[in-house]
Amino acid sequence: MPATVIEELERAAVGTGGRGPARRDGGDGDDARRRAKPPTPRSAYFTGLVLGLAAIFMFFIALASAFVVRKGLGGDWRSFELPGLLWVNTVVLLASSLVVERARRLLRTQPAARFGAWWSTGSLLGIAFLVGQVAAWRQLAAQGIFLATNPASSFFYVFTAAHGVHVLGGLAALGYVAARGAAHQQSTGNLSADLTAGYWHFLGVLWVGLLLLLTFGR
Amino acid sequence: MSTPSHVAAHVHAPPQGFLRKYIFSTDHKVIGIQYYLLALVAVFVGLVLSLLMRWKLAWPNDPVPWFGDGPMLPEQYLALVTMHGTIMVFFVLTTAPQSGFGNYFLPIQIGAADMAFPVINMLSFWTTFVSFLVMVAAFFVAGGAPISGWTGYAPLSAVGEIAGPGQGLGQTLWIVSIAIFCAASLMGALNFIATTIDLRARGLSLMRMPLTVWAWFITAILALLAFGVLLAAGLLLLLDRIAGTSFFVPGGLVFTDKPVPHQGGSPLLWQHLFWFFGHPEVYIAILPSMGMASHLLSTFSRKPIFGYRAMVYAMGAIGFLGFCVWGHHMFASGMSPYSAMAFSVLTMSIGVPSAIKTFNWIGTLWGGQIRFTTAMLFAIGFVSLFVTGGLSGLFLAQPPVDQPLHDTYFVVAHFHLIMGVAAIFGIFGATYYWFPKMFGRFLNEGLGKLHFWITFAGVYLIFVPMHLMGFFGQPRRYAEGTAVQFLSAMEGPQQFVTIAALVTGLAQLIFLFNFLWSLKWGRKAEAINPWRSTSLEWTIPSPPPHDNFGGRQPVVHHGPYEYSVPGEPEDFIPQDAPPRPAPATGD
Ligand code: HEM
Ligand SMILES: [Cu+2]
């Protein structure tokens with residue numbers, strides 16, 4: 001999905017904030033059937049972001065309630081020690097969020113020379129998080145704990161993988177913003193940077209929630 | 001407003017080539033028609049599947065067309081049940097009224113040039129299309145289509161081939177298709193909501209939105225919250241099948257002497273997840289039709305809709321309560337009687353907003369100058385079916401009554417009348433009403449009325465007997481009852497229903513013919529506003545130009561249903577007509 005969001009961003013234009021489609025005042029002479037459409041107002045992108053996050057949230061809520069119900073059935077549930085590495089990863093992901101946020105705020109100053117460096121650092125931290133998650137998987141695998149070993153491990157892998165896929169999408173968006181550079185942002189009202197940062201922060205908070213669930217719900 | 005030159009490249013210019021214009025179009029009108037045509041194909045596929053089932057039920061020992069020389073096998077019958085239900089629910093009832101008409105008319109009715117995210121819109125159609133192909137592919141793979149029903153109940157759906165021929169690759173394709181469909185629906189829902197919130201024309205306050213827009217909007221909210229849950233459930237189900245996890249498969253399960261290597265999973269967990277999606281889904285299917293029926297009833301009674309605000313709040317209440325009642329599908333699963341009671345009370349409370357809507361529809365008709373166009377007939381038919389189908393819901397909402405009726409034809413009758421047929425009537429009504437706007441020509445009214453009366457009589461002849469068969473104990477999802485003595489008494493009614501179904505099914509060809517014929521030879525819709533309606537789509541040419549309003553930006557001054565306003569020269573006021581002068585005081 002992030003890829004499509006990016007495509008939409010391509011179509012974003014400057015200064016179309018406010019409600020309602022922007023007025024186009026072409027003459028009446030040209031063929032009305034061929035007239036171009038006005039761009040989407042900026043506010044709609046943020047509405048879209050919130051809605052997308054709501055949908056993702058419902059997806060994880062469903063998984064979380066399945067977790068609680070399945071665990072309640074007891075019997076075959078064998079909890080295992082979560083790799084300590086997860087906490088390191090958590091710090092990395094939250095740090096990434098902070099750095100990205102710092103970069104986003106740099107855009108408000110002209111010229112935003114250090115934007116690229118900060119934003120890329122944030123993105124690299126995001127990659128580090130994913131690498132760390134995979135390392136945590138490998139630690140578990142080394143202990144013989146796999147997806148199908150036990151319901152507890154099944155949920156662990158499902159949560160981390162599902163979150164990881166969303167992080168991958170976030171990385172794609174981060175990469176896109178980095179590639180286009182600060183000038184592009186400033187000529188488009190920082191639209192894609194703002195949206196990407198919002199999505200990225202959400203993923204950080206979501207991860208903390210999942211980790212708490214996995215830790216205390218074990 | 002002066003636009004900086006570098007922006008010009010980013011605005012949505014009208015596409016040129018055939019591919020961009022009609023296939024991978026980002027225009028909401030083209031996408032709406034694409035969705036509609038997809039649903040049209042799907043509904044005829046689904047219809048044929050149902051007639052094959054009816055054939056088997058009426059003459060269990062005779063060969064059925066395409067099913068070889070011997071009688072149809074039970075697993076073949078169950079595959080038909082599954083595919084019929086799935087195709088109808090997802091690719092017809094979720095697709096046509098919401099994604100089809102909603103895509104085409106929501107932007108226009110709110111005065112916008114397109115959806116908020118046209119590229120996402122295009123993607124959601126093509127994703128739906130892929131989902132449909134994957135679903136249909138299940139028929140053609142080894143083992144054939146799955147047999148676990150549109151509800152995909154575990155463990156049947158979770159253990160693979162061992163549970164039946166279609167439970168191998170066929171079932172996997174089913175899950176994958178549903179997962180793709182979820183993704184498509186989420187994209188669509190996001191677009192609908194953002195568009196309604198952010199793209200409304202000046203003056204179009206929430207309480208001036210046509211009830212169609214409200215219905216699409218609320219439906220989109222339901223879809224946004226429900227499809228993610230189904231996606232999650234589908235993911236877990238897929239893992240149970242291919243990765244050996246045990247989310248839904250209990251331990252100690254044995255299929256024809258073969259033990260299943262799973263342990264501890266819960267089939268009920270699947271039911272909870274599925275119905276948490278499933279009940280909102282039934283409202284996703286019907287809410288748009290409620291909106292469209294309201295719109296037509298007001299237009300063709302030449303009266304404001306009775307209790308506009310109450311209609312809006314009732315739809316909101318139905319949407320909200322719809323998330324709190326999923327347990328009524330599980331009364332027979334051995335749930336605690338206390339939860340059953342809670343679900344029962346909540347379920348019956350949906351009767352209140354439903355009744356409000358029904359009374360308001362009748363109130364709208366009351367004393368109106370009714371014009372019995374085909375569109376209006378279908379709208380009235382919708383109300384009729386909603387009442388008859390809803391009443392049986394109130395029976396089923398009571399656990400002790402549901403206990404014997406669950407999994408009988410009574411339930412089949414209930415949900416076909418209210419979900420299947422009522423929603424389809426909404427779609428038909430909307431088709432006859434909007435066809436001239438979409439294609440610039442009218443559907444033939446004579447054929448339309450013929451189609452209506454046969455269909456209206458037909459569906460009652462099909463489904464009323466099914467209620468009685470349900471009381472009698474006829475179970476659903478059984479290929480035949482020949483070996484069961486008490487069911488052999490059902491032979492006559494089964495044959496009656498099948499004949500009614502064949503006739504009604506054939507009558508749909510009248511519609512198909514009318515549709516195709518009118519596209520090319522139908523009476524031209526010369527007037528922009530032939531029905532003398534108030535909403536914004538009737539202020540622009542038929543079919544509308546690429547940007548809908550031809551560069552104009554409509555400003556709304558009126559509510560959506562200002563019909564027969566006293567003292568006005570016309571019996572309707574378009575929503576963008578100039579404001580009426582404040583009533584003179586003191587004379
Ligand atoms: C007052 C309103 C309604 C009430 C009280 C009600 C109640 C119920 C109950 C209790 C059941 C479960 C029966 C059983 O499986 O034993 C049921 C099934 C069903 N209802 Fe309703 N219902 C209502 C309206 C609707 C509407 C508006 C729709 C769709 C538009 C709908 C669609 C369905 C479907 C599809 C099923 C069966 C699903 C299946 O098992 O395959 N119902 N209803
Ligand atoms: Cu329900």
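Let's start at ligand 1. One of its oxygen atoms sits 2.4 Å from an N or O atom in the side chain of Asp402(B). Keep in mind that this is a predicted model. Trp150(B) makes a similar approach: an N or O atom of its side chain is 2.9 Å from an oxygen atom of ligand 1. Then there is His414(B). A polar atom of its side chain lies 2.9 Å from a nitrogen atom of the ligand.

Which elements give two or more residues to the shell around ligand 1? They are α8, α12 (374–396) and α14 (409–439) of chain B. α14(B) gives the most, with five residues. The shell has 20 residues, and among the nearest are His406(B) and Arg476(B). By class, twelve are nonpolar, six polar and two charged.

Now the metal. The copper ion, ligand 2, is 4.5 Å from the iron atom of ligand 1. What are its protein donors? Three histidines: His279(B) through ND1, and His328(B) and His329(B) through NE2. They lie 1.8 to 2.1 Å from the copper ion. Along the chain, the donors follow the spacing H-x48-H-H.

Look at two of those donors. His328(B) has a relative accessible area of 14%, under the 20% cut-off, so this residue is buried. His329(B) is at 21%, so this one counts as partly exposed.

Last stop, Pro261(B). This proline lies in the loop between β2 (258–259) and α8 (267–301) of chain B. Buried or exposed? Exposed, because its relative accessibility is 74%. Its C-alpha atom is 58 Å from that of Leu443(B), and the two residues are 182 residues apart along the chain.

How values were computed:
Residues numbered from 1 in each chain as written. Chains lettered and ligands numbered in written order. Predicted model: local features only at pLDDT ≥ 70, side-chain atom pairs only at ≥ 80, totals over all residues. Heavy atoms only, no water. Helix = DSSP H or I, 4+ residues; strand = E, 2+ residues; numbered from the N terminus. Buried < 20%, exposed > 50% of the residue type's maximum accessible area, 1.4 Å probe, protein only. Donors = N, O, S within 2.8 Å, 3.2 Å for Na, K, Ca; no water. Near = heavy atom within 4 Å. Polar contact = N/O pair within 3.5 Å; in protein donor to acceptor, adjacent residues only side chain to side chain. Nonpolar A, V, L, I, M, F, W, Y, C, P; charged D, E, K, R; others polar.
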